[in-house]
Structure formats: structure tokens, C-alpha cells
Amino acid sequence: MERLPGGRRPRLVSSLGLGRGAAGLARPRPPRRAENCFVPISEIIAVEETEFNKKQRNIGRWQKMAKLHAFTVYYVKKARNHRWRCSNVTFWCVDEHLCNQWIQALKELLEMQKSRPKQLLVYINPYGGKRQGKRIYEQKVAPLFSLASISTDVVITEHANHAKDNLFEVNIYKYDGVVCVGGDGMFSEVMHGLIGRMQKDSGIDQNNPKASLVQCNIRIGIIPAGSTDCICYSTVGISDPVTSALHIIVGDCQPLDVSSVHHNNTFLKYSVSLLGYGFYGDILKDSEKKRWMGPMRYDYSGFKTFLSHHYYEGTIAYQPAKHTHGSPRDKESCRTGCCICKESEKQLAEQQKECGLNHEEGEEEWKFIKGKFLAINAVSMSCACPRSPKGLSPAAHLADGSADLILVRKCSRFDFLRYLLRHTNQDDQFDFPFVDVYRVKSFQFTSKLSEDNESNVMDIGKKRFGQFCRDHPACCCNIVNSTWNCDGETLDSSAIEVRVHCQLMKLFARGIEEKCKDEAAYSQSSIEQLL
């Protein structure tokens, strides 16, 4: 830490501190039980000169002073459940020159934080969730960006894929990041636009499932304002617009794995959270017909799908993720500064140097599983949300270059209900004989009927994918196909090839931090010392 003129360390004591402040800064006698806390420079938002009015000056012994000079420090105040808030503390003294020195010194320290964005491109979905995206941004986020001297170009999306198409046209390289205001669908749109633009500019063919994709270094910020904010919850720990905005302001960076999904050498989608076939695919397919119900459609479709109890027959082929440490059954979750993610990044980089950027995935071992499945899920993160605090795979990692493949085989309704309830409590959700989980770096799925009817590969719409009515095998139920749920969007093809790309993109986040200090401890604290 640099020193102020005269060799004094830049130590700040807030207006809640006792006695006289360091370096000539002063304040009135505080209330009892005042505490000091330490705020790193990386979590200071802004420093501003403050004007004192007459009422503020006429307090205690300061009423005799002719004029006070002051500045206010805005900083991140952490509370319970990973929630962040913008707090502030004001320092004052009678020496104008000394006050200006403090302001200048602090601003220079903030300028040294090179990871902080200065110019952002913002996309707002005014129709997502409860149609509150524009209001949330204008009332809660924009004032914070302005306080932190971040300039923004705001685009209000008017139709589906507006943001994605726009990202192929604008000069994205003049921005320090792209912010999406909306739900998981809005994030997916921005992600596809950014990654697609990077591959286009680099001459990479996205339709090649074995292509080594170019990493996207332009960070994405998520301001949650949708029906589902799973990605924000799994990477920050809470779906709160102010918390997310503060993570963007301080310039946090969290690498994220991205899975590419192909069918017959044709690119379909990118996925960062859930790829679900069977149960979760059927829920999405049914809920899309009931969008008029709002978020309640997921509960209705989920109950309906559970009662139908359809299972699907097919073959899974996968390549184990031998490069990564840990297992889907680990008790430890991915947290800020995860050592497994860091180690996996090093190992993959070494493999690329040894084998080249275009080494063949097919040279490595494939394993095959045939069966009848109620659900096939592949997750690149825990997929935690308020209803399922641990998510579908509690030990999944954000940036280790792997996905957790969860296979739920045919079982009774009662057993399947027991499995679903495990997502809402602390019990081991993989501790069932009909549930298998594998950590993989790529996998393929082919339904049984697709295998038997390969002559009609191009006629995807007419394919049927092995659904059987378990409870009434003799009934006349129509055989229909399930749908892949790709981060909340449907895929037209059931036969897919999936490959995980390690740390392909980055978010304005830092992962979920370890248990935060009690909110009560912060309620009587302010700033205090910069080291």
C-alpha cells in the first residue's frame, strides 16, 4: 500500500470510531459498541467529496469550526445469504489540502484496480419474468453504475434473439463487459452472441463438434430479473440485482465451463447449466404451451409430468473426465478460489501443449450404457436455486472442464418422488440403486427408436423416441418423443453429441463465498482501515 505525503499510512477511521482519526481526520463521539472492520480497496466502490450543510456542522465541538472539509467512501457491505449492499462512511477535517490529498490518494488506488469495467454494453429484456427488468435496472442498478463512474450503452430488446443478433454487429471490443438484465433465457442469448462472435472473428466452424473453440474474454454480468435465475444463483449465491451489480462494479471474474451440443455435425446450442432429457425435458415442453400462466406453469407442468411417469429407452456413450480431481459424490462444493477448478485448468493447458489444439477426442476411451430412463441430466454447475439449495449435483464445479451426467433409471413413482425430494433437503440424492452419476468431458445419446430407424435421420419431426406407459403397458397410448431441455430452451433433436469446453467464458462473479459474517456484526461497522 502506498503512503500519503509525509510517510503516513493511509489509515481511515470512520465516524463510528473512538477518539481522533488518523492523519488529521476527525469525527464526533460515536454510539457505544461501535466496531471497526477492514475493507480491502478492491471492495471500495467510489470516493466523493462531500459538502457539509449548516445542520451537519452544528454538532458537538465542531460547531465552533468555520468550515469543514469532507469526503465520503462508498463500499461493499456484506450481509447474510451472500447479499451485498452499498454502504458509505464520511470523514472530515478542517484542512482542505489534507482532505484533497486523501481523496486523490484513494482515487489513484481505485484506478489501479485494472479488472474493473469502465464501459459496459447492457441488454434489457422488458418482457421476461414479471416484466420488471427495465424498472429494476433504472432504479437499482443504473445509480450504482453512475456512482462507480461506469459508462453504459443500453439496448432494450424488442424480440427473441435481438441481443444475440446485435452482438454480431456491434464493436464488442470497445466494451469491458456485456450485462444482461433478465432471466436465464436472456443470459443464454447474450452468451450465444458473444461466443458465436468470437468464433466467427477467429474463423472457427461451430458446426464441427471436435473444434477447439476460442475463449471469450469479454465478461458477462447477470442482473437477475426473470422467472428463473439459476445461473446467477449458482455463481453468486443469491438472485439479487444489487448484489450482482456490485460484483460487476468491483470487477470480479469467474471462469465458466460451456458445453457445445451438436446433432449430425450441426451445431444446436451452448449450455452452461442443465441438459435434461425425459422428466425435465417433458416439463419444459409442456410448460411452453402455458406461458400465459407465468412462473406457475412450471409447478403445474411438473406435477402433470410426474403423474405421467414416462420413461425412455436409449443408449448413452460417454468419456470419463480423467483430467479432473474429485467426484460427483464429494461432500465439498465448488467455492470461491476452488483449487480443483484451478488445477483442472493447468492440466488441460498441459494436455493441449502435448497433443495440440486439434487433438482427436475419439482416441480416448468411450463407455456405453443402455437402459430405460426416467431422466437423463447433464449439469456443468450445481443448478442450485431457492427451491433446491444444493441443486441437481451439489459437488459440480464451475470451471473444471467436466459435467456431471446423472442417469435416473426406470423405477416406481414412489421411489422417483423420494429422489426428487432429496433435492430439497441435505440427504445424498445419489444414494439410490436406480441413480447413477458420472463425471464426464463429453457424451452422446441415441434413443432406441432412433437406432432402429436410422434411415429417416433427416425427418426429425416424424421420429418417435421410445416412450412407454409404465403402469398400463397394454393401453393404446401414442408413442411420442421426449425433448432435451437446454438451459430452459427446447432442442428439436433427441440424438445429440455434447462436449465440455473448459472455461470458455467468464462472468462478473467470484463463485459462492464461504459462510459470510453475521449480518448483525456488519450493522454496527463502517470502514476503517486500508492496508
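**Exercise 1. Describe how strand β10 pairs with strand β16, and where else β10 pairs.**

Step 1: β10 and strand β16 (residues 484–486) pair in the antiparallel sense over two bridges, where pairing requires that DSSP finds at least two bridges between two strands; strands (E, at least two residues) and helices (H or I, at least four) are DSSP runs, numbered from the N terminus. Within β16, asparagine 485 is the bridge partner of glycine 276.

Step 2: β10 is also joined to strand β12 (residues 367–379), antiparallel, by five bridges, and there tyrosine 277 has isoleucine 376 as its bridge partner.

Step 3: Five of the five residues of β10 (residues 274–278) are buried, that is, under 20% relative accessible area, whereas exposed means over 50% and partly exposed in between (1.4 Å probe, protein chains only).

The model is predicted, with local features needing pLDDT of at least 70 and side-chain atom pairs pLDDT 80 or more, while totals for chains, interfaces and linings use all residues. Residues are numbered from 1 along each chain as its sequence is written, and side-chain values use heavy atoms, leaving out hydrogens and water.

**Exercise 2. Determine which parts of the chain the salt bridge between arginine 510 and aspartate 252 ties together.**

Step 1: The closest N and O atoms of arginine 510 and aspartate 252 are 2.8 Å apart, which satisfies the criterion of a Lys or Arg side-chain nitrogen within 4 Å of an Asp or Glu carboxyl oxygen.

Step 2: Arginine 510 lies in the loop between β18 and α13, and aspartate 252 in the loop between α7 and β8, so the pair ties together parts 258 residues apart in sequence.

Step 3: Both arginine 510 and aspartate 252 are buried.
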